[in-house]
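This report covers the internal cavities, the nonpolar cores and the strand pairing of one protein chain. The sequence and structure are shown first.

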Amino acid sequence: FGTRGDFYLLAHASYAFDVDVVGTDVEPGDSYLWWSDVPLVQRVKVGNFTPAFSLESVTSSRDTVFMETGLPVEAFGPARSAGVEIGGPVLGERVTWSLGFARTLGSPDEGDRSKAPGRGFGRFTWLVQDDRAANRLSHFGVGASLLFAADDVEYRSRPESHLAPYLVDTGALHAADRSATYGLELLHIRGPWLLMGELLGATVQGSSTGSVWGLYAVASRSLTGESQPYDRSQGVLGRYVPARPFSWAAHTWGALRASVRVSHLDLSDGAVRGGRETNLMTDLTWALNRYLLFKAEAGLAFVRDRADEGDVFLLQSRLQIDFY
């Protein structure tokens with residue numbers, strides 16, 4: 001539940017205030033003030049938000065291709081944190097940059113449960129190709145995050161379904177002194193086609209030294225011809241909207257998109273023994289209009305290098321009604 005809007009306080013600003021209900025817990029969602037057109041730094045965001053790190057993690061969950069983020073994003077993507085972030089688009093929105101610092105508390109419902117006094121983070125994106133008339137673009141991005149004086153370091157992931165338990169988990173690495181995460185992101189949109197992928201990893205130093213990593217690749221096609229929108233001001237995906245919304249009178253049926261994703265996550269290296277998982281997920285999205293869509297997904301998860309290794313078959317769906 002939440003609200004967003006704009007106001008004027010010294011300069012034009014935006015605000016967001018969301019509350020999430022997770023099980024029986026009530027947690028703050030996006031709750032921040034965001035000033036734009038700030039000299040030298042473009043934008044300033046203060047409050048509780050998702051640190052800029054990877055393409056899927058900073059894209060709204062309402063607009064991602066799949067219901068859940070890929071295995072490595074679930075494991076390494078920072079949870080919402082209280083902090084400050086600066087940055088914005090430059091060079092005619094061909095480039096975006098973000099830098100920030102946030103408090104790290106180890107959220108109970110996120111894959112990255114690391115605890116530390118703070119986290120420094122940054123993200124840089126570049127539109128290598130941008131042909132708006134032909135709905136064609138190529139996006140390249142990098143991100144990094146560094147935990148300062150880490151208390152515990154822990155990475156884990158669900159099998160791309162929030163209904164399932166965590167199947168791979170490093171456990172709390174109490175002897176870790178510090179940890180750095182990094183990411184590489186690629187996106188290509190050409191008309192109704194979308195191809196994207198990310199490579200993410202983390203290095204843990206201390207008596208629990210190890211390097212863990214993961215990657216995913218997505219191929220998606222709009223069967224009704226729509227192109228996936230892209231927000232150049234932030235370097236993220238926009239909302240999939242039908243060119244002809246559903247209408248009985250006009251005999252139009254909205255937009256239909258089919259997607260497939262392959263993900264791999266390796267959380268075992270040296271003293272770190274979190275297990276390995278490979279997922280294959282398929283998605284069919286039917287967007288009736290801008291505010292209403294239905295998603296159905298099926299997938300397979302293969303878990304290895306764990307005491308309870310095995311295979312999981314997934315079926316899940318989402319009815320999304322959103323007036324934002």
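The model is predicted, and it holds 4 cavities of 30 Å³ or more. The largest cavity encloses about 80 Å³ of space. Its lining is made up of Ser-61, Arg-62, Asp-63, Thr-64, Arg-239, Tyr-240, Arg-257, Thr-285, Leu-293, Lys-295, Arg-318 and Gln-320. By class, the lining residues divide into 2 nonpolar, 4 polar and 6 charged. Strands β18 and β19 each supply at least two residues of this lining.

Strand β18 covers residues 292-304, and its side chains alternate between two faces. Leu-293, Lys-295, Glu-297, Gly-299, Ala-301 and Val-303 point to one face and are buried. Leu-292, Phe-294, Ala-296, Ala-298, Leu-300, Phe-302 and Arg-304 point to the other face and are not buried. Leu-293 and Lys-295 from the buried face are also among the residues that line the largest cavity.

β18 pairs with a strand on either side in sequence. Strand β17 (residues 272-287) runs antiparallel to β18 and is joined to it by 12 bridges. In this pair, Asn-279 has Ala-301 of β18 as its bridge partner. A hairpin with 4 residues between the strands is formed by β17 and β18. β18 also pairs in the antiparallel sense with strand β19 (residues 310-321), over 12 bridges. There, Ala-296 stands opposite Ser-317 in β19. The hairpin of β18 and β19 has 5 residues between the strands, and Asp-305 takes a positive phi near 60°.

At the N-terminal end, strands β1 to β5 pair in succession, as tabulated here.

| Strand pair | Sense | Bridges | Bridge or opposite residues |
|---|---|---|---|
| β1 (residues 2-9) and β2 (residues 11-22) | antiparallel | 8 bridges | Phe-7 and Ala-13 |
| β2 and β3 | antiparallel | 9 bridges | Val-22 and Asp-25 |
| β3 (residues 25-38) and β4 (residues 42-49) | antiparallel | 6 bridges | Trp-34 and Lys-45 |
| β4 and β5 (residues 81-90) | antiparallel | 6 bridges | Val-44 and Ile-86 |

Several of these pairs are hairpins whose turns include a residue with positive phi. In the hairpin of β1 and β2, with 1 residue between the strands, Leu-10 takes a positive phi near 70°. β2 and β3 form a hairpin with 2 residues between them, and Gly-23 in the turn has a positive phi of about 65°. For the hairpin of β3 and β4, 3 residues lie between the strands, and Leu-40 in the turn has a positive phi of about 75°.

Which residues touch the most other members of the largest nonpolar core? They are Phe-76, Tyr-155, Leu-187, Leu-194 and Met-196, in a core of 35 residues. Two or more residues of this core come from each of α2 (71-76), β7 (116-131), β8 (136-148), β11 (176-190), β12 (193-206), β13 (210-222), β16 (255-269) and β17. β12 gives the most, with 5 residues. Leaving aside neighbours within four places in sequence, Met-196 is in contact with Leu-55, Glu-56, Val-65, Leu-186, Leu-187, Tyr-216, Ala-217, Val-218 and Leu-237. Another core, of 7 residues, lies apart from the largest one and includes Ala-16, Phe-49, Ala-52 and Ala-102. In soluble globular proteins, nonpolar side chains tend to be buried together.

Methods: Residues are numbered from 1 along each chain as its sequence is written. Side-chain values use heavy atoms; hydrogens and water are left out. Two strands pair if DSSP finds at least two bridges between them. Buried means under 20% relative accessible area, exposed over 50%, partly exposed in between (1.4 Å probe, protein chains only). A nonpolar core is a set of buried Ala, Val, Leu, Ile, Met, Phe, Trp, Tyr and Cys residues joined through side-chain atoms within 4.5 Å. Contact means heavy atoms within 4.5 Å. On a 1 Å grid over the protein atoms alone, a cavity is a set of points where a 1.4 Å probe fits but cannot get out, and a pocket is an open set with protein on both sides within 12 Å along at least five of seven lines; lining residues have an atom within 4 Å of a point. Grid points are joined across faces, edges and corners, and a volume is the space filled by probe spheres set on the points. Ala, Val, Leu, Ile, Met, Phe, Trp, Tyr, Cys and Pro count as nonpolar, Asp, Glu, Lys and Arg as charged, and the others, Gly among them, as polar.
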